[in-house]
Amino acid sequence: MTDKRVKEAIHAEVEVISGDDTQSNIALPSPIYPKFLYLIPIASRPFFPGQVQPIVLSGDYWQETIQKIGETDQKLVGLVYTNNIPAQETSPDDFSPIGCMGKILKPTKEEANIHFVCQGLERFRIRRWLSQTVPFLVEVEYPNVDDADISMNDTETRAYALSIISAVKELVQANPLYGEELKQALQYFSPNEPAPLTDFAVTLTTASGDDLQKVLETLPILKRMQRVFQLLNKEVEITKLHSEISKDVNTKINKRQRTFFLREQLKTIQKELGITKDDRKSDAEEFAKRLEKLQPPEPVAERIDDELKKLGFLEKGSQEYAVTRNYLDWMSSVPWGVYSEDKLGIKEAREILDHDHDGLDDVKERIIEFLAVGVYKKEVAGSIMLLVGPPGVGKTSIGHSVADAMGREFYRFSLGGMRDEAEIKGHRRTYIGSMPGKFVQALKEVKTANPVIMLDEIDKIGASYRGDPASALLEVLDPEQNADFLDHYLDLRVDLSKVLFICTANQLDTIPDPLLDRMEIIRLSGYITEEKLEIARNHLWPKALKRAGLKKGQLKISDAALKVLIEGYAREAGVRKTEKQLRKIVRKTVVKLLEEPEAKMSVSVKNLEKYLGKPFFRKESLITGVGVVTGLAWTALGGVTLAVEAAAVKRKAGGFKQTGQLGDVMRESAEIAYSFLLSNAKRYGVKADFYQSHLIHLHVPEGATPKDGPSAGITMTSALLSLGLGKKIKRNLAMTGELTLTGKVLPVGGIKEKVISAKRNNINELILPEANRGDVESLPDHIREGLTIHFASKYDQVAKILLSAFTETKA
């Protein structure tokens, strides 16, 4: 619609209301409002009639709208609530059906914005849209919202009006933000004019925009007053509560200020009188100075005040003075209420973990998942992680990386060999030389109450007549209890709930079940050769050079030499031996550099033996033959391969013999294997009287090493089956799994370590329990690559695979 047509429509709405000249009373004209309005969206709170408030708009976006409004006769604009949608993003569907018409006063343009004051005049309802893009133009109607339909003698309306006035007065008195001008303005509102009173009162509340819009859209005055009165009562309650909180805070602040001023006055008086401070006052001031930076809980603050008073009365040379002073020293050194800010970024955490560690993708993913929960909650606390794996796989360094990723302080102490529970919970103050436990000491050292604390070697914790430290840890490592951890020395509750605990262990067998139940277990298995090569190249070699002060150009080592070093000198689950051999190379190089400072050396496969001597490990073929089967076993140092040998000695009575320093569990597995084959010999093609007419000797090599565990059942059975059939097995096949007397194959643990061990020994075909299929499928692709894995739930399936793997022997 053109501006001319808009003006014509506006003039068409004008009606002159006049009275009869012959009568004494003259009817005053009603306000004349336009039928068409340009709209401006209000995002935060709707505008009300009678309200005067400044408005700021984007000059580039709303310039045309303001110009159009300025060209109208009355300079009126429609202000409509859009429920927090930015003004530049609004569409006709975002506008509320009812808005407030207002008059623009004093428009100015400053920089890129338009500033003006708007005075609310009347409610309007949008009838239809004439322009659905900026500038928004609509046809409006003005609903009957005056008070003509309400009798001034209406008791209920008058009662609500008086109640609203009373609530507004109470709100103005309770809230210091309302000035004297607002109190005076309240005097101009009368219960005889409820509409302006109601609109004025609702603008004083902090209600949401949606609640205020409901009031604006409520046309019957009585219902509108009811809504406003509810909002006012809610606002008064909030203001009272805020006032009580402020009063309580101010009381505490005033008390502290009074104490501060009195102490300052005392210092000044002492200075004027020439009274010097003694050591007691110096100590007390030092402790008070420390506490100013802390936020101790109320029980702690009360205890410190009591101890400070006691310190002032004690003689400096007394034993009690030394005990009290030491206690205050510890109390003022604990970081009460001091927390470091967490860096909760998944991307940054992933980058740090990838930078610090090669491999361990599954472990890093578990840690990222753990941190992701903290990012979502905006807080990482109440969790205890347990990293389990062989020595040298990076458990401690992962703890450092987690602390770096979160931006927290890191503290580590070892629990190995700890036998006194006082190391955990502290000594009581009555003992000479008493001190707090390790956790309070950790907080004192890191100076924050939310560090990352690593409890190393938790599986090697001991017990003695002094107590059981493992039991003392139950309180510390329980997220439901450690918020009120009681240290015996402090004799006060210390909040450890914000501390992230990371424990490390080589095995789970020696950790008490109640303690293990409180921790989330993350397993770190050993590395394969390719992973070790990456770690040695990217981390261990640069670290060894840096420790010796060498530059990269002075000494180089080839990837082929690193691979030979790993396979021939450091065949282990972790990388600790690899690092030792690399340091040995660097040390020998430094000796030569002292003789020839300008020399540049490189280590290759050819000259590796010059630095390290003959390899400790050589490529050895697996033991093969009739009655020989390779098994897979788990140890605290990682997975290993284990040959099981069986031999038969002709004897009438038969019999069964076991050697190899087997434990009770392995002996039982051997007995079950022998009984199972004895009863099922014919079924698998073994002569019926073979086992009855021979003494069967079962042996596990390396007799000096104790062996035990439940995973050798099918291996022993297969060795006896090979012996009975007189056939030898393929050399590249290994297996693990426990067997029952009925022939069921039961699941075993340590699958990842065992698979890595098999791959390290060039075994490419495995037989595993069917119940362990999930463990295998969760392994990284680079570990499973090149392996043929069979799964068996019954020994019949194992025998079927073996029959295809057996070859006739010429013996």
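Here are some questions and answers about this predicted protein model.

User: What average pLDDT does the protein have?
Analyst: This is a predicted model, and pLDDT is the predictor's confidence in each residue, from 0 to 100. In this protein, 89% of the residues score at least 70. The average pLDDT comes out at 81.

User: Which residues have a pLDDT that stays under 50?
Analyst: Where pLDDT is low, the predicted coordinates should not be read in detail. The stretch in question has 19 contacts beyond four places in sequence in the model. Its pLDDT stays under 50 throughout, and it covers residues 1-30.

User: How many helices and strands make up the secondary structure?
Analyst: The protein has 811 residues, and 45% of them count as buried. Among contacts between residues at least 6 apart in sequence, 75% join residues at least 24 apart. As for the secondary structure, the tally is 27 helices and 26 strands.

User: Is Ser-401 buried or exposed?
Analyst: Ser-401 sits in helix α13, which runs over residues 395-406. Leaving aside neighbours within four places in sequence, Ser-401 touches Ile-352, Leu-353, Asp-356 and His-357. The cut-off for buried is under 20% relative accessible area. Ser-401 has 2% relative accessibility, so Ser-401 counts as buried.

User: How far does helix α2 reach from its first C-alpha to its last?
Analyst: Helix α2 covers residues 59-71, which makes 13 residues. At 1.5 Å a residue, the expected span is 18 Å. The model comes close to that, with a reach of 17 Å.

User: Which residues of α2 are buried?
Analyst: Let's start with what covers them: the cover includes β1 (36-42), β2 (52-58), β3 (76-81), β4 (98-110), β5 (113-131) and β6 (136-141). Underneath that cover, the buried residues of α2 are Gly-59, Trp-62, Thr-65, Ile-66 and Ile-69.

User: How much space lies in the second largest cavity?
Analyst: Rolling a probe the size of a water molecule over the atoms shows where empty space is left. In this protein, the count is six cavities of 30 Å³ or more. The second largest cavity holds about 80 Å³.

User: Which elements give two or more residues to the lining of the second largest cavity?
Analyst: The lining includes Gly-359, Asp-361, Tyr-527, Lys-752 and His-782. By class, the lining has four nonpolar, four polar and four charged residues. The elements that give two or more residues to this lining are α12 (361-377) and α26 (781-784).

Terms used: Residues are numbered from 1 along each chain as its sequence is written. This is a predicted model: local features need pLDDT of at least 70, side-chain atom pairs count only at pLDDT 80 or more; totals for chains, interfaces and linings use all residues. Side-chain values use heavy atoms; hydrogens and water are left out. Contact means heavy atoms within 4.5 Å. Helices (H or I, at least four residues) and strands (E, at least two) are DSSP runs, numbered from the N terminus. Buried means under 20% relative accessible area, exposed over 50%, partly exposed in between (1.4 Å probe, protein chains only). On a 1 Å grid over the protein atoms alone, a cavity is a set of points where a 1.4 Å probe fits but cannot get out, and a pocket is an open set with protein on both sides within 12 Å along at least five of seven lines; lining residues have an atom within 4 Å of a point. Grid points are joined across faces, edges and corners, and a volume is the space filled by probe spheres set on the points. Ala, Val, Leu, Ile, Met, Phe, Trp, Tyr, Cys and Pro count as nonpolar, Asp, Glu, Lys and Arg as charged, and the others, Gly among them, as polar. The expected span of a helix is 1.5 Å times one less than its number of residues.
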